[in-house]
Amino acid sequence: MGVVVIYLYSEVDKRIGWFLCVFLIILSCFFNMIIVGAYDLPHIMPFNTDDFEDTHTFMELSYVKPYGRFTIYFIGVMCGFVLYHYREFLEKGSCDDQRALTYAYMM
């Protein structure tokens with residue numbers, strides 16, 4: 001999925017890449033919310049060793065699955081967009097994605 005987003009960002013339209021990243025982050029949060037609610041799991045990973053079954057269920061259903069990792073992955077993709085265009089701006093003095101440059105200055 002990441003390759004498709006990066007391709008659409010670089011070759012088709014930058015707005016599509018940004019939109020897909022944000023959409024997939026929201027979708028991942030939504031999936032995790034449904035799983036946590038449906039299985040009555042804790043909202044954060046339990047570290048209590050006395051309740052091993054809860055920890056194992058949480059890890060199996062939410063932490064290990066790819067839909068649980070979309071959020072982190074696509075935040076990294078967006079940071080890659082920002083860093084790439086910030087470096088491009090520093091080297092060439094111009095940038096073709098002003099949104100990424102704005103985010104770079106906000107960081």
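# A Guided Tour from Histidine 85

Begin by selecting histidine 85, a residue of helix α4. The model on display is a predicted one.

**Histidine 85 and its surroundings**

Histidine 85 counts as buried because its relative accessible area is 2%, below the 20% limit for that class. Which residues should be shown around histidine 85 to see its contacts, leaving aside neighbours within four places in sequence? They are Tyr9, Lys14, Cys95, Asp96, Asp97, Ala100 and Leu101. Of these, aspartate 96 deserves a closer look: its side chain and that of histidine 85 form a polar contact at 3.3 Å.

**Aspartate 96 and lysine 14**

Keep aspartate 96 selected and add lysine 14. The side chains of these two residues form a salt bridge, with a distance of 3.6 Å from N to O. This pair connects distant parts of the chain, since aspartate 96 sits in the loop between α4 and α5, lysine 14 belongs to helix α2, and 82 residues separate them. In general, side chains of opposite charge can pair when their charged atoms come close.

Are the two partners buried or exposed? Aspartate 96 is exposed because its relative accessibility is 51%, whereas lysine 14 is buried because its value is 17%. Both aspartate 96 and lysine 14 also appear among the contacts of histidine 85.

**The second salt bridge**

How many salt bridges does a search of the whole structure find? The search finds two. To view the other, select arginine 15 and aspartate 13, whose side chains meet in a salt bridge of 3.0 Å, N to O. Arginine 15 is exposed because its relative accessibility is 56%. Aspartate 13 is partly exposed because its relative accessible area is 25%.

**The loop between α4 and α5**

Return to the loop that holds aspartate 96 and select serine 94. This serine lies between α4, residues 66–92, and α5, residues 98–106. Serine 94 is partly exposed because its relative accessibility is 44%. When residues up to four places away in sequence are set aside, serine 94 touches Glu88 and Phe89.

**The whole chain**

Now clear the selection and display the protein chain as a ribbon. What elements does the chain contain? There are five helices and zero strands, and the order along the sequence is α-α-α-α-α. Of the 107 residues, 32% are buried. Considering contacts between residues at least 6 apart in sequence, 48% join residues at least 24 apart. The chain exposes about 7,500 Å², and carbon and sulfur atoms supply 66% of that area.

**The largest nonpolar core**

Next, select Val5, Trp18, Cys21, Phe74 and Phe81. In the largest nonpolar core, which has 14 residues, these five touch the most other members. Helices α1 (2–12), α2, α4 and α5 each contribute at least two residues to this core.

Within that group, center the view on phenylalanine 74. Not counting residues up to four places away in sequence, phenylalanine 74 touches Met1, Gly2, Val5, Cys21, Leu24 and Ile25. Val5 and Cys21 are also among the core residues named above.

**Along helix α2**

Move to helix α2, which spans residues 14–38, and select asparagine 32, which lies in this helix. Asparagine 32 is buried because its relative accessible area is 17%. Leaving aside neighbours within four places in sequence, its contacts are Ser62, Tyr67 and Gly68.

Still in helix α2, select isoleucine 34. Isoleucine 34 is partly exposed because its relative accessible area is 41%. Which residues make up the nonpolar surface patch to which isoleucine 34 belongs? The patch is made by Phe30, Phe31, Met33 and Ile34, and its area is about 380 Å². A surface display of these residues shows the patch.

**Last stop: proline 42**

Finally, follow the chain into the loop between α2 and α3 (52–63), where proline 42 is located. Proline 42 is partly exposed because its relative accessibility is 24%. Add phenylalanine 58 to the selection: the two residues are separated by 16 residues in sequence, and their C-alpha atoms are 7.8 Å apart in space.

Conventions: Residues are numbered from 1 along each chain as its sequence is written. This is a predicted model: local features need pLDDT of at least 70, side-chain atom pairs count only at pLDDT 80 or more; totals for chains, interfaces and linings use all residues. Side-chain values use heavy atoms; hydrogens and water are left out. Helices (H or I, at least four residues) and strands (E, at least two) are DSSP runs, numbered from the N terminus. Buried means under 20% relative accessible area, exposed over 50%, partly exposed in between (1.4 Å probe, protein chains only). Contact means heavy atoms within 4.5 Å. A polar contact is a pair of N or O atoms within 3.5 Å; within protein, one must be able to donate a hydrogen and the other to accept it, and residues adjacent in sequence count only if both atoms are side-chain atoms. Patches are made of residues with over 30% relative accessible area and no salt bridge: like charges are joined within 9 Å, nonpolar side chains (Val, Leu, Ile, Met, Phe, Trp, Tyr) within 5 Å. Accessible areas come from the Shrake-Rupley method with a 1.4 Å probe; for residues, only the protein chains shown count as cover. A salt bridge is a side-chain nitrogen of Lys or Arg within 4 Å of a carboxyl oxygen of Asp or Glu. A nonpolar core is a set of buried Ala, Val, Leu, Ile, Met, Phe, Trp, Tyr and Cys residues joined through side-chain atoms within 4.5 Å.
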